[in-house]
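Visitor: I've got a fresh model to go through with you. Can we take it piece by piece?

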Amino acid sequence: MVDSAKPAADNSATALLEAVGIKKSFAYDDTRIEVLRNVNLTIQRGETLAVVGASGIGKSTLLHILGTLEKPDQGKLICMGEDLSTYEEKKLARFRNRTMGFVFQFHHLLSEFTALENTMMPALIAGIEKKRARQAAMAMLERVGVADKHDRRINRLSGGEQQRVALARALIQRPSLLLADEPTGNLDSKNSDHIHQLLLELNQDFGMSLVVVTHNLELASMLDRRVTIVEGQLVAADAK
Ligand SMILES: Nc1ncnc2c1ncn2[C@@H]1O[C@H](COP(=O)(O)OP(=O)(O)OP(=O)(O)O)[C@@H](O)[C@H]1O
Ligand SMILES: [Mg+2]
(Lines give C-alpha, C1' and ligand atoms only; values in the text may rest on other atoms or scores of the structure.)
(Ligands and ions follow the chains in the order given, each with its own letter.)
Protein backbone atom coordinates (compact mmCIF):
# COMPACT_ATOMS: atom_id res chain seq x y z
CA MET A 1 0.00 0.00 0.00
CA VAL A 2 1.34 3.41 -0.90
CA ASP A 3 0.47 6.61 0.92
CA SER A 4 -1.22 8.95 -1.55
CA ALA A 5 0.61 11.95 -0.03
CA LYS A 6 3.94 10.87 -1.48
CA PRO A 7 5.09 9.78 -4.90
CA ALA A 8 4.62 6.06 -5.49
CA ALA A 9 7.67 3.87 -5.07
CA ASP A 10 9.44 3.54 -8.38
CA ASN A 11 8.54 0.08 -9.69
CA SER A 12 9.75 0.73 -13.21
CA ALA A 13 13.44 0.03 -12.75
CA THR A 14 15.26 -2.82 -11.04
CA ALA A 15 14.34 -3.27 -7.39
CA LEU A 16 16.61 -1.58 -4.89
CA LEU A 17 17.11 -4.76 -2.89
CA GLU A 18 15.90 -8.30 -3.28
CA ALA A 19 16.37 -11.03 -0.71
CA VAL A 20 15.75 -14.49 -2.10
CA GLY A 21 15.39 -17.68 -0.06
CA ILE A 22 17.26 -16.38 2.96
CA LYS A 23 17.99 -18.91 5.71
CA LYS A 24 19.77 -18.22 8.97
CA SER A 25 20.16 -20.33 12.07
CA PHE A 26 22.23 -20.00 15.22
CA ALA A 27 23.79 -22.76 17.31
CA TYR A 28 22.84 -22.55 20.96
CA ASP A 29 23.97 -25.24 23.43
CA ASP A 30 23.21 -28.48 21.58
CA THR A 31 20.44 -27.09 19.46
CA ARG A 32 20.13 -24.89 16.43
CA ILE A 33 17.61 -22.10 16.37
CA GLU A 34 16.29 -21.56 12.87
CA VAL A 35 15.55 -17.85 12.93
CA LEU A 36 14.95 -17.27 9.21
CA ARG A 37 13.76 -20.30 7.24
CA ASN A 38 12.80 -18.86 3.89
CA VAL A 39 12.70 -15.10 3.67
CA ASN A 40 11.86 -13.45 0.37
CA LEU A 41 11.59 -9.70 0.22
CA THR A 42 11.72 -7.04 -2.47
CA ILE A 43 12.30 -3.42 -1.56
CA GLN A 44 11.60 -0.92 -4.32
CA ARG A 45 13.43 2.38 -4.64
CA GLY A 46 11.78 4.90 -2.37
CA GLU A 47 9.74 2.29 -0.53
CA THR A 48 9.36 2.32 3.25
CA LEU A 49 8.92 -0.84 5.28
CA ALA A 50 8.35 -1.50 8.97
CA VAL A 51 9.48 -4.77 10.54
CA VAL A 52 7.43 -5.38 13.65
CA GLY A 53 6.82 -8.15 16.17
CA ALA A 54 7.84 -9.67 19.47
CA SER A 55 11.32 -9.83 20.91
CA GLY A 56 13.49 -12.65 19.61
CA ILE A 57 11.65 -13.36 16.34
CA GLY A 58 14.60 -12.35 14.20
CA LYS A 59 14.07 -8.70 13.29
CA SER A 60 17.65 -7.61 13.97
CA THR A 61 19.00 -10.74 12.29
CA LEU A 62 16.99 -9.89 9.17
CA LEU A 63 18.19 -6.30 9.17
CA HIS A 64 21.84 -7.30 9.52
CA ILE A 65 21.48 -9.73 6.62
CA LEU A 66 19.76 -7.14 4.42
CA GLY A 67 22.62 -4.77 5.23
CA THR A 68 25.27 -7.41 4.35
CA LEU A 69 26.67 -7.24 7.88
CA GLU A 70 25.85 -10.88 8.49
CA LYS A 71 25.91 -13.63 5.91
CA PRO A 72 22.88 -15.86 5.47
CA ASP A 73 23.41 -19.64 5.60
CA GLN A 74 21.59 -19.82 2.29
CA GLY A 75 19.97 -17.40 -0.11
CA LYS A 76 20.94 -14.36 -2.12
CA LEU A 77 20.86 -10.61 -1.87
CA ILE A 78 20.54 -8.64 -5.07
CA CYS A 79 21.00 -4.90 -4.86
CA MET A 80 20.20 -2.80 -7.94
CA GLY A 81 20.71 -5.88 -10.07
CA GLU A 82 24.08 -6.82 -8.51
CA ASP A 83 24.34 -10.18 -6.79
CA LEU A 84 26.10 -9.23 -3.55
CA SER A 85 26.94 -12.82 -2.67
CA THR A 86 29.62 -12.70 -5.38
CA TYR A 87 31.37 -9.66 -3.81
CA GLU A 88 34.51 -10.15 -1.78
CA GLU A 89 34.66 -8.40 1.59
CA LYS A 90 36.49 -5.24 0.51
CA LYS A 91 34.21 -4.61 -2.46
CA LEU A 92 31.20 -5.32 -0.25
CA ALA A 93 32.39 -2.85 2.40
CA ARG A 94 32.80 -0.13 -0.23
CA PHE A 95 29.40 -0.86 -1.66
CA ARG A 96 27.83 -0.79 1.80
CA ASN A 97 29.49 2.53 2.62
CA ARG A 98 28.07 4.14 -0.53
CA THR A 99 24.64 2.58 -0.54
CA MET A 100 23.47 1.79 2.95
CA GLY A 101 23.09 3.61 6.24
CA PHE A 102 22.64 1.79 9.52
CA VAL A 103 21.17 2.71 12.83
CA PHE A 104 21.83 -0.20 15.14
CA GLN A 105 19.70 -1.32 18.06
CA PHE A 106 22.74 -0.72 20.27
CA HIS A 107 24.13 2.27 18.51
CA HIS A 108 27.77 1.13 18.07
CA LEU A 109 29.18 4.64 18.22
CA LEU A 110 32.81 5.07 19.21
CA SER A 111 32.56 6.35 22.76
CA GLU A 112 36.00 7.96 22.89
CA PHE A 113 35.24 10.15 19.89
CA THR A 114 32.99 13.19 19.70
CA ALA A 115 29.55 13.33 18.12
CA LEU A 116 31.04 15.20 15.16
CA GLU A 117 33.90 12.72 14.68
CA ASN A 118 31.49 9.78 14.81
CA THR A 119 29.21 11.39 12.26
CA MET A 120 32.08 12.21 9.90
CA MET A 121 33.48 8.68 9.98
CA PRO A 122 31.62 7.10 7.01
CA ALA A 123 32.45 10.12 4.82
CA LEU A 124 36.15 10.00 5.75
CA ILE A 125 36.22 6.26 5.07
CA ALA A 126 34.80 7.02 1.62
CA GLY A 127 37.72 9.39 1.01
CA ILE A 128 35.83 12.66 1.28
CA GLU A 129 38.00 15.59 2.19
CA LYS A 130 37.95 16.47 5.91
CA LYS A 131 36.54 19.96 5.58
CA ARG A 132 33.64 18.80 3.42
CA ALA A 133 32.99 15.80 5.67
CA ARG A 134 32.89 18.13 8.66
CA GLN A 135 30.38 20.45 6.98
CA ALA A 136 28.16 17.55 5.97
CA ALA A 137 28.36 16.07 9.48
CA MET A 138 27.46 19.39 11.10
CA ALA A 139 24.48 19.76 8.77
CA MET A 140 23.24 16.28 9.69
CA LEU A 141 23.75 16.86 13.42
CA GLU A 142 21.77 20.07 12.98
CA ARG A 143 19.01 18.17 11.24
CA VAL A 144 18.69 15.58 14.03
CA GLY A 145 18.86 18.31 16.68
CA VAL A 146 22.20 17.72 18.44
CA ALA A 147 24.49 20.20 16.66
CA ASP A 148 25.04 22.07 19.92
CA LYS A 149 26.64 18.91 21.38
CA HIS A 150 28.89 18.18 18.40
CA ASP A 151 32.09 18.56 20.42
CA ARG A 152 31.05 16.19 23.21
CA ARG A 153 32.39 12.71 23.51
CA ILE A 154 29.75 10.04 23.00
CA ASN A 155 30.02 8.76 26.57
CA ARG A 156 29.02 12.26 27.73
CA LEU A 157 25.71 12.20 25.86
CA SER A 158 22.34 10.83 26.93
CA GLY A 159 21.00 7.63 25.34
CA GLY A 160 18.60 9.61 23.18
CA GLU A 161 21.31 12.02 22.06
CA GLN A 162 23.54 9.09 21.19
CA GLN A 163 20.76 7.61 19.10
CA ARG A 164 20.38 10.87 17.20
CA VAL A 165 24.12 10.97 16.52
CA ALA A 166 23.84 7.38 15.27
CA LEU A 167 21.14 8.53 12.88
CA ALA A 168 23.26 11.46 11.66
CA ARG A 169 26.16 9.06 11.04
CA ALA A 170 23.85 6.73 9.09
CA LEU A 171 22.63 9.58 6.92
CA ILE A 172 25.81 11.47 6.12
CA GLN A 173 26.44 9.53 2.91
CA ARG A 174 22.83 10.04 1.79
CA PRO A 175 22.31 6.28 1.44
CA SER A 176 19.80 4.79 -0.99
CA LEU A 177 18.67 2.51 1.81
CA LEU A 178 18.49 3.27 5.51
CA LEU A 179 18.28 0.24 7.78
CA ALA A 180 17.25 1.27 11.26
CA ASP A 181 16.81 -0.98 14.28
CA GLU A 182 14.57 0.76 16.81
CA PRO A 183 15.84 4.23 15.86
CA THR A 184 13.63 5.93 18.43
CA GLY A 185 13.75 3.26 21.13
CA ASN A 186 15.53 5.54 23.61
CA LEU A 187 13.70 8.75 22.83
CA ASP A 188 10.79 10.49 24.53
CA SER A 189 7.66 11.00 22.44
CA LYS A 190 8.52 14.55 21.33
CA ASN A 191 11.96 13.57 20.09
CA SER A 192 10.59 10.35 18.56
CA ASP A 193 8.06 12.37 16.59
CA HIS A 194 10.86 14.65 15.41
CA ILE A 195 12.93 11.70 14.17
CA HIS A 196 9.89 10.04 12.54
CA GLN A 197 9.19 13.24 10.62
CA LEU A 198 12.83 13.47 9.63
CA LEU A 199 12.85 9.90 8.30
CA LEU A 200 9.77 10.58 6.22
CA GLU A 201 11.23 13.86 4.94
CA LEU A 202 14.43 12.11 3.88
CA ASN A 203 12.36 9.47 2.14
CA GLN A 204 10.45 12.18 0.29
CA ASP A 205 13.35 14.52 -0.45
CA PHE A 206 15.96 11.98 -1.54
CA GLY A 207 13.84 8.93 -2.34
CA MET A 208 15.75 7.10 0.37
CA SER A 209 14.20 3.70 1.05
CA LEU A 210 13.65 2.78 4.67
CA VAL A 211 13.54 -0.52 6.48
CA VAL A 212 12.78 0.19 10.10
CA VAL A 213 12.48 -2.29 12.95
CA THR A 214 10.14 -0.66 15.39
CA HIS A 215 7.77 -1.27 18.26
CA ASN A 216 6.35 2.19 17.67
CA LEU A 217 2.93 1.63 16.09
CA GLU A 218 2.60 5.23 15.04
CA LEU A 219 5.82 5.05 13.03
CA ALA A 220 4.90 1.62 11.62
CA SER A 221 1.55 2.97 10.44
CA MET A 222 3.24 5.87 8.61
CA LEU A 223 5.32 3.57 6.41
CA ASP A 224 4.21 1.97 3.13
CA ARG A 225 4.23 -1.63 4.38
CA ARG A 226 4.49 -3.63 7.57
CA VAL A 227 5.88 -7.14 7.86
CA THR A 228 6.58 -9.53 10.68
CA ILE A 229 8.30 -12.90 10.97
CA VAL A 230 6.24 -16.04 11.58
CA GLU A 231 7.99 -19.40 11.70
CA GLY A 232 10.99 -17.94 9.96
CA GLN A 233 9.02 -16.41 7.10
CA LEU A 234 7.95 -12.86 6.38
CA VAL A 235 4.24 -12.15 6.49
CA ALA A 236 2.27 -8.93 6.20
CA ALA A 237 1.41 -7.37 9.56
CA ASP A 238 -1.50 -5.16 10.50
CA ALA A 239 -1.08 -1.44 10.89
CA LYS A 240 -2.36 -1.68 14.48
N1 LIG B 1 24.82 -14.54 17.55
C2 LIG B 1 23.81 -15.30 17.99
N3 LIG B 1 24.01 -16.53 18.52
C4 LIG B 1 22.99 -17.29 18.94
N5 LIG B 1 21.71 -16.92 18.88
C6 LIG B 1 21.43 -15.71 18.39
C7 LIG B 1 22.45 -14.82 17.91
N8 LIG B 1 21.87 -13.69 17.46
C9 LIG B 1 20.55 -13.85 17.65
N10 LIG B 1 20.28 -15.05 18.19
C11 LIG B 1 18.96 -15.59 18.50
O12 LIG B 1 18.17 -15.47 17.33
C13 LIG B 1 16.86 -15.06 17.65
C14 LIG B 1 16.53 -13.76 16.92
O15 LIG B 1 17.34 -12.71 17.45
P16 LIG B 1 17.15 -11.19 16.99
O17 LIG B 1 18.19 -10.39 17.68
O18 LIG B 1 17.15 -11.17 15.51
O19 LIG B 1 15.69 -10.88 17.54
P20 LIG B 1 14.84 -9.52 17.51
O21 LIG B 1 13.55 -9.84 16.85
O22 LIG B 1 15.66 -8.43 16.95
O23 LIG B 1 14.56 -9.25 19.07
P24 LIG B 1 14.48 -7.85 19.90
O25 LIG B 1 13.12 -7.26 19.58
O26 LIG B 1 14.57 -8.30 21.32
O27 LIG B 1 15.62 -7.00 19.50
C28 LIG B 1 16.79 -14.95 19.17
O29 LIG B 1 16.26 -16.17 19.67
C30 LIG B 1 18.23 -14.81 19.57
O31 LIG B 1 18.45 -15.33 20.85
MG1 LIG C 1 16.55 -6.74 17.81
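**A sheet, a patch and a loop**

Guide: Sure. Lysine 23 stands opposite glutamine 74 in β4. Keep in mind that this is a predicted model.

Visitor: How many bridges pair strand β1 with strand β4?
Guide: Strand β1 covers residues 17-28, and strand β4 covers residues 74-79. The two run in the antiparallel sense, and the count of bridges between them is five.

Visitor: Which strands stand at the edges of the sheet?
Guide: The open sheet has four strands in the order β2-β1-β4-β5, with antiparallel pairing. An edge strand has a single partner, so one side of it is left without a neighbour in the sheet. That picks out β2 and β5 (82-83).

Visitor: Which residues form a nonpolar patch on the surface with Ile33?
Guide: Isoleucine 33 sits in strand β2, residues 31-43. Its relative accessibility is 43%, so it counts as partly exposed. The patch has about 300 Å² of accessible area together, and the partners of Ile33 there are Phe26 and Tyr28.

Visitor: Is threonine 184 buried or exposed?
Guide: Look in the loop between β7 (177-181) and α6 (189-206). Threonine 184 has a relative accessible area of 7%. Buried means under 20%, so the word for threonine 184 is buried.

Visitor: Which side chain does threonine 184 join in a polar contact?
Guide: Leaving aside neighbours within four places in sequence, threonine 184 is in contact with Gln163, Ser192, Ile195 and His196. The polar contact between side chains is 3.1 Å, and the partner is histidine 196.

Definitions and conventions:
Residues are numbered from 1 along each chain as its sequence is written. Chains are lettered from A and ligands numbered from 1 in the order in which they are written. This is a predicted model: local features need pLDDT of at least 70, side-chain atom pairs count only at pLDDT 80 or more; totals for chains, interfaces and linings use all residues. Side-chain values use heavy atoms; hydrogens and water are left out. Buried means under 20% relative accessible area, exposed over 50%, partly exposed in between (1.4 Å probe, protein chains only). A polar contact is a pair of N or O atoms within 3.5 Å; within protein, one must be able to donate a hydrogen and the other to accept it, and residues adjacent in sequence count only if both atoms are side-chain atoms. Contact means heavy atoms within 4.5 Å. Patches are made of residues with over 30% relative accessible area and no salt bridge: like charges are joined within 9 Å, nonpolar side chains (Val, Leu, Ile, Met, Phe, Trp, Tyr) within 5 Å. Accessible areas come from the Shrake-Rupley method with a 1.4 Å probe; for residues, only the protein chains shown count as cover. A salt bridge is a side-chain nitrogen of Lys or Arg within 4 Å of a carboxyl oxygen of Asp or Glu. Two strands pair if DSSP finds at least two bridges between them.
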